[in-house]
Amino acid sequence: MSERTLVLVKPDGVERGLIGEIVSRIEAKGYAIERLELLKARNDQLAAHYAEHEGKPFYPPLIDFMCSGPLVAIIASGEGVIAGFRSLAGATDPTAAAPGTIRGDLARDWGTKVQKNLVHGSDSPESAAREIAIWFPES
Ligand code: RTP
Ligand code: MG
């Protein structure tokens, strides 16, 4: 069954010129890009998006990082795209992420307080619906 997921190209991905590379990998896998927008995240959007992490040690640097420059919000669709994009992205920690994944091939996190791992992908249908409403409220 076709489903939708919310992908973010985080500020490190935009700054490093990797928007095209990341979108290419999503398309090459056979998923469709339904919406795509370059934007500067507002604080209320980030607070809602990362509500589950509030209070954790990495939360303040995570919010600073996500505010540090523009990001790209994407709605991607296709069969199994929620789990499928998480597979394309790889493990959260760029050093542990397998070669062949976006994070394994491209992400760098050395010397920072928070993992700069290039992308976010929704982790469940409930998260996808919640996150799509945050970044694309009109859809
Ligand atoms: P995401 O939500 O961004 O798709 O990543 P995820 O599910 O793989 O990771 P999650 O546990 O939800 O953490 C959200 C983001 O917080 C940053 N983080 N840094 N100890 C650290 O340095 C650390 N832990 C988490 C990462 O940017 C992670 O993607
Ligand atoms: Mg997560």
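**Questions on a predicted model**

Reader: In which strand is the place of His 120?
Author: This is a predicted model. UniProt, in an unreviewed entry, puts the feature "active site" at His 120. That residue sits in strand 4.

Reader: Does His 120 count as buried or exposed?
Author: A residue needs 20 or more other C-beta atoms within 10 Å to count as buried. His 120 has 24 C-beta neighbours inside 10 Å, so it counts as buried.

Reader: Which residues is His 120 in contact with, leaving aside neighbours within four places in sequence?
Author: One of the contacts, Lys 10, is also listed by UniProt under "binding site" (unreviewed entry). With neighbours within four places in sequence set aside, the contacts of His 120 are Lys 10, Val 7 and Leu 8.

Reader: How do the residues of the shell around ligand 1 divide into nonpolar, polar and charged?
Author: Ligand 1 has His 120 in its surroundings, along with His 53, Phe 58, Leu 62, Thr 92, Val 114, Gln 115, Asn 117, Gly 121 and Asp 123. Three of these names, Phe 58, Thr 92 and Asn 117, also appear in the UniProt list for "binding site" (unreviewed entry). By class, the shell holds 3 nonpolar, 6 polar and 1 charged.

Reader: Does Thr 92 count as buried or partly exposed?
Author: Thr 92 lies in the loop between helix 5 and helix 6. Its contacts, apart from neighbours within four places in sequence, are Gln 115 and Asn 117. It has 14 C-beta neighbours inside 10 Å, and the buried class starts at 20. Because 14 falls short of that, Thr 92 is partly exposed.

Reader: Is Asn 117 buried or exposed?
Author: Asn 117 belongs to the loop between helix 6 and strand 4. Beyond four places in sequence, it touches Thr 92, Pro 94, Arg 103, Ala 107 and Asp 109. There are 22 other C-beta atoms within 10 Å of Asn 117, so it is buried.

Reader: What value is phi of Leu 118 near?
Author: Most residues other than glycine have a negative phi. Leu 118 has a positive one. This residue is in the loop between helix 6 (102–106) and strand 4 (119–121). Its phi is near 70°.

Reader: Does Leu 118 count as buried or exposed?
Author: Leu 118 touches residues including Val 9, Leu 18, Ile 22, Ile 102 and Leu 106, with those up to four places away not counted. It has 27 C-beta neighbours inside 10 Å, so Leu 118 counts as buried.

Reader: Which strand gives the most to the largest nonpolar core?
Author: In soluble globular proteins, nonpolar side chains tend to be buried together. Here the largest nonpolar core has 28 residues, and Val 7, Ala 76, Leu 118 and Val 119 have the most contacts inside it. Strand 1 (2–9), helix 2 (19–28), strand 3 (71–79), helix 5 (81–89), helix 6 and helix 7 (125–135) each add at least two residues. With 6 residues, the top contributor is strand 3.

Reader: What is the radius of gyration of the protein chain?
Author: The chain has 7 helices and 4 strands, in the order β-α-α-β-α-α-β-α-α-β-α. The globule rule gives 14 Å for 139 residues, and the chain is close to it, so it is as compact as a globular protein of that length. Its radius of gyration is 14 Å.

Reader: What share of the contacts with a separation of 6 or more comes from residues 24 or more positions apart?
Author: The C-alpha trace spans about 40 × 35 × 25 Å along its principal axes. Buried residues make up 32% of the 139. Among contacts with a separation of 6 or more, the share from residues 24 or more positions apart is 69%.

Definitions and conventions: Residues are numbered from 1 along each chain as its sequence is written. Chains are lettered from A and ligands numbered from 1 in the order in which they are written. This is a predicted model: local features need pLDDT of at least 70, side-chain atom pairs count only at pLDDT 80 or more; totals for chains, interfaces and linings use all residues. A residue is buried if 20 or more other C-beta atoms lie within 10 Å of its own, exposed if 12 or fewer, and partly exposed in between; C-beta atoms are placed from the backbone. The radius of gyration is taken over C-alpha atoms; the globule rule is 2.2 Å times the number of residues to the power 0.38. Two residues are in contact if their C-beta atoms, placed from the backbone, lie within 7 Å. A nonpolar core is a set of buried Ala, Val, Leu, Ile, Met, Phe, Trp, Tyr and Cys residues joined through C-beta atoms within 7 Å. A residue is near a molecule or strand if its C-beta atom, placed from the backbone, lies within 6 Å of it. Ala, Val, Leu, Ile, Met, Phe, Trp, Tyr, Cys and Pro count as nonpolar, Asp, Glu, Lys and Arg as charged, and the others, Gly among them, as polar. UniProt positions are given in the numbering used here, feature names are shortened, and annotations may be inferred rather than shown by experiment.
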